[in-house]
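Colleague: I should be grateful for a close look at a single part of this model, namely the sheet and the elements that pack on it. Please go through the part strand by strand and then turn to the helices.

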Amino acid sequence: VSPSPESPRLFIPGPTDVDAEVLREMSRAPIGHRGPQIEALIAEVEEGLQALLGTREPVLLFTSAATAVMEAAILNTVGENGVLHLRCGAFGDKWEKISRSLGRSTSSCEVEWGRGFTPELVADELRRGDYDAVCLTHNETSTGVLNPLREIASVVREAGDTLLLVDAVSAMSAVEVDFDDWGVDVLLAGVQKAFALPPGLAVAAVSSRVYERAEKLPNRGTYLDFLSYRRLLLKNQTPSTPSTAHLYALRRQLQRIHEEGRSARARRHQQMGIQTREWTRGRFRMFADEAFASPTVSCIQVPEGFDVADLKQRALQQGFALGSGYGVLKPTTFRIGHMGEHDSDSLEALLSTLDQILDGPKDGG
Ligand SMILES: Cc1ncc(COP(=O)(O)O)c(C=O)c1O
């Protein structure tokens with residue numbers, strides 16, 4: 001289908017475009033959620049996810065948006081010692097709100113939007129308190145900032161029993177991770193971003209340290225209890241009826257991801273980040289500090305008085321959907337999501353269209 005205002009190419013920071021073959025997998029007839037058919041399907045999905053994330057632990061599958069798993073991560077790990085939130089944008093703020101809504105005691109460390117966390121800063125913060133968990137946004141979608149997960153995980157591991165919970169919603173599958181080796185405790189994402197599937201499924205790698213903690217925590221609820229997900233996954237099942245349509249699509253997408261190779265996939269995303277930053281330099285300013293620049297989302301700052309809504313509208317008329325700035329950044333930024341199925345060529349098509357819009361005659365002029 002060629003891009004049109006009604007069916008544009010999605011350069012928003014998720015949901016992202018879905019490959020036609022993967023989309024067709026969604027239309028397979030439903031199967032029962034107990035029995036050999038679903039068990040074979042989930043076994044293949046697990047194998048693909050474990051290889052992608054570098055873990056031997058079962059990767060939990062939730063029929064939900066990622067927010068539910070952010071909530072689950074708190075419910076299953078945070079008790080009396082509370083949680084430290086590392087906030088560098090809107091999604092870090094959101095996680096702290098979730099913890100508060102669950103009655104948890106929270107502390108937070110915030111860096112200026114556009115910057116990320118250094119391991120030194122995290123180590124300093126951890127020395128100030130004894131926390132059950134620390135929450136980090138791997139890739140802050142509101143600002144286009146990627147945090148150095150491996151280095152941060154290493155300082156958290158040195159801080160005793162504090163667990164590291166990571167929202168990797170806009171990074172997973174586009175940024176290489178080795179979950180077991182790095183010592184991360186929860187790594188969660190929805191599949192509607194770099195995985196390039198329709199929204200509705202979330203996944204989470206979970207360490208054995210988390211299950212040990214969860215066993216001691218009362219009132220973990222029912223739908224979001226990690227222990228019941230693990231128990232059923234050991235039989236290649238889920239506690240409640242899953243979206244089998246998503247599991248079929250995820251199985252196919254994981255095959256495609258491994259055909260490309262996880263390192264090659266990460267390089268493709270890095271390249272798109274560089275390409276977008278090069279384009280931006282000639283016209284605007286990147287909102288994020290170069291040291292933390294994201295390979296999946298670019299947040300682009302415009303000069304005062306620039307009409308972002310008009311640019312978005314003109315791009316849409318050409319069949320390209322751009323992302324608005326997030327929250328307080330809406331009037332002064334726009335975002336390009338360059339992830340999932342996109343590559344240098346599709347990105348170039350967008351950037352040259354933006355060039356034509358920006359350099360062309362204005363309406364009526
Ligand atoms: C970094 C990050 N965290 C969490 C979310 C929330 O994801 P969901 O809408 O699947 O709950 C998003 C969505 O954009 C995100 O980008």
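Modeller: Glycine 323 has arginine 335 of β14 as its bridge partner. The model in which this pair appears is a predicted one. The pair belongs to the region where strand β13, residues 320–324, meets strand β14, residues 333–337. Two bridges join these strands, and they run antiparallel.

Helix α12, spanning residues 308–317, packs on the sheet and touches both β13 and β14. The direction of α12 makes about 155° with that of β13. Helix α13, residues 344–359, also packs on the sheet, where its contacts are with β1, β13 and β14. Between the directions of α13 and β13 the angle is about 80°.

As for the sheet as a whole, five strands form it, and it is open, with the order β1-β13-β14-β12-β11. Its pairing is mixed. In general, the strands of a sheet pair through backbone hydrogen bonds, in either a parallel or an antiparallel manner. The edges are occupied by β1, residues 9–11, and β11, residues 285–286, each of which pairs on one side only.

To return to the helices on this sheet: β13 and β14 are touched by α12, and these two strands are likewise touched by α13, together with the edge strand β1. The bridge between glycine 323 and arginine 335 thus lies in a strand pair, β13 with β14, that both helices contact.

Notes: Residues are numbered from 1 along each chain as its sequence is written. This is a predicted model: local features need pLDDT of at least 70, side-chain atom pairs count only at pLDDT 80 or more; totals for chains, interfaces and linings use all residues. Side-chain values use heavy atoms; hydrogens and water are left out. Two strands pair if DSSP finds at least two bridges between them. Helices (H or I, at least four residues) and strands (E, at least two) are DSSP runs, numbered from the N terminus. Contact means heavy atoms within 4.5 Å. Axes are lines fitted to C-alpha atoms, for helices over the stretch in contact, and angles run from 0 to 180 degrees between N-to-C directions.
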